[in-house]
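Let's take a look at how the two halves of a chain can meet. Have the structure open while you read.

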Amino acid sequence: MTRTVYLNGEYMPEDQAKVSVFDRGFLFADGVYEVTSVLGGKLLDFDGHAVRLARSLGELGMANPITKDDLLAVHRELVRLNDIEDGLVYLQITRGAADRDFAFPAEGTPQTIVLFTQAKPGLADSPLAQTGMKVISIEDQRWARRDIKTVQLLYPSMGKMMAKAAGAHDAWMVEDGFITEGTSNNAYIVKDGKIITRNLGHEILHGITRAAVLRFAREAQMEIEERPFTLDEAKAADEAFITSASMFVMPVVEMDGDSIGTGAVGPVAKRLREIYLDESRKMAV
Ligand code: PMP
């Protein structure tokens, strides 16, 4: 089926949606993105994604070319046009097309805004949630402003390939001995009933799922420590898991070939996944 995508104000078949070779997203990775999950035809955490998008644009000195209401309308229309029950909406905004120059183009240069859907039937019923993920540790070689959600995803992409080559599902990145996050998700360990995850800063992406999960965990009276934790702590943890908009809460059962805890999905990750899915579905728009 040919998808309908959104490009610069228009809905069109995906094979007709074209972006300039001079687009700064293509030439400089000068763009930001968001990925919003769809469950039962409704958007999860839309507000959080819209707020983070505005923040990313602001940090890069880019204008925000679309209001939050219009952005929601485009998301919903794409979900409708493409008949998405479970899946994702991808959004990207770049600084637009301009003659190639490191300096930003003149203010008012039309930006590029693209949205498209990906159907993922049964997104919330991934078998991996029953068995848990295997991860490897790799050095974090990304730039120093990981809190800005830019499209420069080459190193995370390489990290996923390193994981694949090692027979694992993903990689956790390590800087100065401390875990920052997964290649496309936030990382957590559980020790003696406490949930430990890296504190917010420039070192990690401020996950929308992270914010929601920590809020639900607090409401459920779970103990949380937001601080850097080491690779050794991760290996000695009782449990581990990751969060992201497309994986929700996903248990991690192996690190660098060694079992974490019992090597099976732990109770905290299991419970948080259930709470997150239940609560987010209730608030979906
Ligand atoms: N960290 C990184 C590096 C990511 O790429 C992502 C997902 N894009 C996340 C964390 C999770 O963020 P969210 O929960 O908003 O999907």
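## Two domains

How many Å separate the centres of domain 1 and domain 2? Taken over C-alpha atoms, the figure is 25 Å. Bear in mind that this is a predicted model. The domain assignment puts residues 4-124 in domain 1 and residues 128-283 in domain 2.

## The contact between them

Both domains chip in 22 residues to the contact. Together they bury about 2000 Å², and 61% of that lies on carbon and sulfur atoms.

On the domain 1 side, three residues are worth clicking on: Tyr33, Asp45 and Arg52. They supply 30% of the area that domain 1 buries against domain 2, which is more than any other three residues manage.

## Salt bridges and polar contacts

Two salt bridges are counted between domain 1 and domain 2. As for a salt bridge to look up in the model, the side chains of Arg55 and Asp147 form one, at 2.9 Å from N to O. The polar contacts between the two domains come to nine residue pairs.

## What domain 1 brings

Which elements give two or more residues to the side of domain 1 that touches domain 2? They are β3 (31-39), α2 (46-59) and β5 (87-94). The top contributor is β3, with seven residues.

By residue type, this side of domain 1 splits into 11 nonpolar, six polar and five charged residues.

Key
Residues numbered from 1 in each chain as written. Predicted model: local features only at pLDDT ≥ 70, side-chain atom pairs only at ≥ 80, totals over all residues. Heavy atoms only, no water. Domains from an automatic or database assignment. Contact = heavy atoms within 4.5 Å. Buried area = accessible area lost by both parts, 1.4 Å probe. Salt bridge = Lys/Arg side-chain N within 4 Å of Asp/Glu carboxyl O. Polar contact = N/O pair within 3.5 Å; in protein donor to acceptor, adjacent residues only side chain to side chain. Helix = DSSP H or I, 4+ residues; strand = E, 2+ residues; numbered from the N terminus. Nonpolar A, V, L, I, M, F, W, Y, C, P; charged D, E, K, R; others polar.
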